[in-house]
Amino acid sequence: MPTTPPGLFVDDLASDAGDDAPLVVLVHGTMDRHSSFARVRSRIMDSLHVVSYDRRGYGASRHAEPPAGGIGDHVDDLEQIVAGRRCTLVGHSFGGTVVLTFAARHPELTASLLAYEAPLPWLEDWPAHGPREEPFRGVTPEEAAEAFLKRMVGEHKYERLPLKTRQEVVKDGPALVAEMTAIRRDPAPFRPVDVRAPALVARGEHTSAHQIRGADRLVAEMPLAELRIVEGAGHGAHQSHPREFAELVRAAVALAPGAADTVPAATTTPPL
């Protein structure tokens with residue numbers, strides 16, 4: 001039976017299609033939370049059983065104990081959430097690295113997967129490559145979180161956020177510092193050749209050069225991977241292009257053996 005790791009918030013949305021609907025687990029990135037997938041979820045739950053959650057240290061899972069020390073802890077949480085069920089895994093950004101690591105460790109549970117712009121900082125040509133024991137030296141976790149968000153969404157957009165929102169999200173700073181330190185310090189958590197499930201590796205049309213190289217590297221080395229590019233999108237495609245991201249999820253589910261005829265197109269048109 002599905003279990004929830006102590007202290008983690010898990011949102012389990014039963015499908016309108018009933019108990020036999022394919023299971024999809026959505027895993028968010030750094031300084032994010034499960035609610036960022038809301039417009040994607042509304043477009044796929046007509047025929048898919050959708051599970052999403054706040055990763056350890058973020059949002060409603062901020063106070064889960066013990067704190068995550070590295071990607072292995074997030075994979076352990078995902079193992080408990082999947083609970084032995086075969087599923088399609090969908091990961092955005094750092095969540096993509098989590099699902100790729102899970103898939104390499106648990107091919108028997110990974111029917112298929114979608115990894116959107118997963119960071120691979122152990123590669124020699126990745127920005128800030130190499131050991132960094134103190135990547136946030138001289139700043140507090142809250143200051144690190146604020147700087148990260150400004151870099152991701154743009155300083156102008158960040159300053160337009162309500163003060164309460166800004167005060168809330170920077171509380172996730174300790175989780176940011178922990179995972180950004182660990183992913184640069186620890187060895188590569190998976191080998192692409194060991195990810196043997198059918199997979200979509202996706203990126204935005206307007207993304208960074210290192211994300212382009214990372215996606216190409218994964219597609220070249222994973223046995224059953226296909227590259228997809230979301231036109232007009234950047235790193236946050238699940239929010240800026242929810243319709244296209246939902247189509248990627250459906251396409252990933254359809255890659256699973258035996259699933260091609262069980263994932264119909266959306267029967268409703270959710271609001272933008």
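In this predicted model, Leu 89 touches a broad set of residues beyond its sequence neighbours. Counting only partners over four places away in sequence, these are Val 25, Leu 78, Val 82, Val 99, Phe 102, Thr 110, Ser 112, Leu 113 and Leu 114. Leu 89 also ranks among the residues with the most contacts inside the largest nonpolar core, together with Val 25, Leu 78 and Leu 100. That core has 48 residues. Helix H3 supplies the largest share of this core, six residues. Another core lies apart from it and has 21 residues. Ile 44, Phe 245, Leu 248 and Val 253 are among its members. In soluble globular proteins, nonpolar side chains tend to be buried together.

The sheet is open and consists of seven strands. Their order is S1-S3-S2-S4-S5-S6-S7, with mixed pairing. Strand S1 (10–13) and strand S7 (225–230) form the edges, each pairing on one side only. On average, neighbouring strands are turned by 15 degrees against each other, direction ignored. Within the sheet, strand S4 (residues 87–92) and strand S5 (residues 110–116) pair in the parallel sense. Six bridges connect S4 and S5. His 92 stands opposite Tyr 116 in S5.

Two helices contact this part of the sheet. Helix H3 (residues 94–105) lies across strand S2 (23–27), S4 and S5. H3 runs at about 145 degrees to S4. Helix H10 (residues 242–255) packs on the sheet and touches S2, S4, S5, strand S6 (199–204) and S7. The direction of H10 makes about 150 degrees with that of S5.

Several backbone values stand out. Most residues other than glycine have a negative phi, and most peptide bonds are trans. Ser 93, in the loop between S4 and H3, has a positive phi near 55 degrees. Ser 93 is buried, because its relative accessible area of 13% falls under the 20% cut-off. Glu 117 is found in the loop between S5 and helix H4 (141–153). Its phi is likewise positive, near 50 degrees. Glu 117 is buried too, with a relative accessible area of 3%. A cis peptide bond joins Glu 65 and Pro 66, with omega about -5 degrees. Pro 66 lies in the loop between strand S3 (49–53) and helix H2 (71–82).

How values were computed:
Residues are numbered from 1 along each chain as its sequence is written. This is a predicted model: local features need pLDDT of at least 70, side-chain atom pairs count only at pLDDT 80 or more; totals for chains, interfaces and linings use all residues. Side-chain values use heavy atoms; hydrogens and water are left out. Two strands pair if DSSP finds at least two bridges between them. Helices (H or I, at least four residues) and strands (E, at least two) are DSSP runs, numbered from the N terminus. Axes are lines fitted to C-alpha atoms, for helices over the stretch in contact, and angles run from 0 to 180 degrees between N-to-C directions. Contact means heavy atoms within 4.5 Å. A nonpolar core is a set of buried Ala, Val, Leu, Ile, Met, Phe, Trp, Tyr and Cys residues joined through side-chain atoms within 4.5 Å. Buried means under 20% relative accessible area, exposed over 50%, partly exposed in between (1.4 Å probe, protein chains only).
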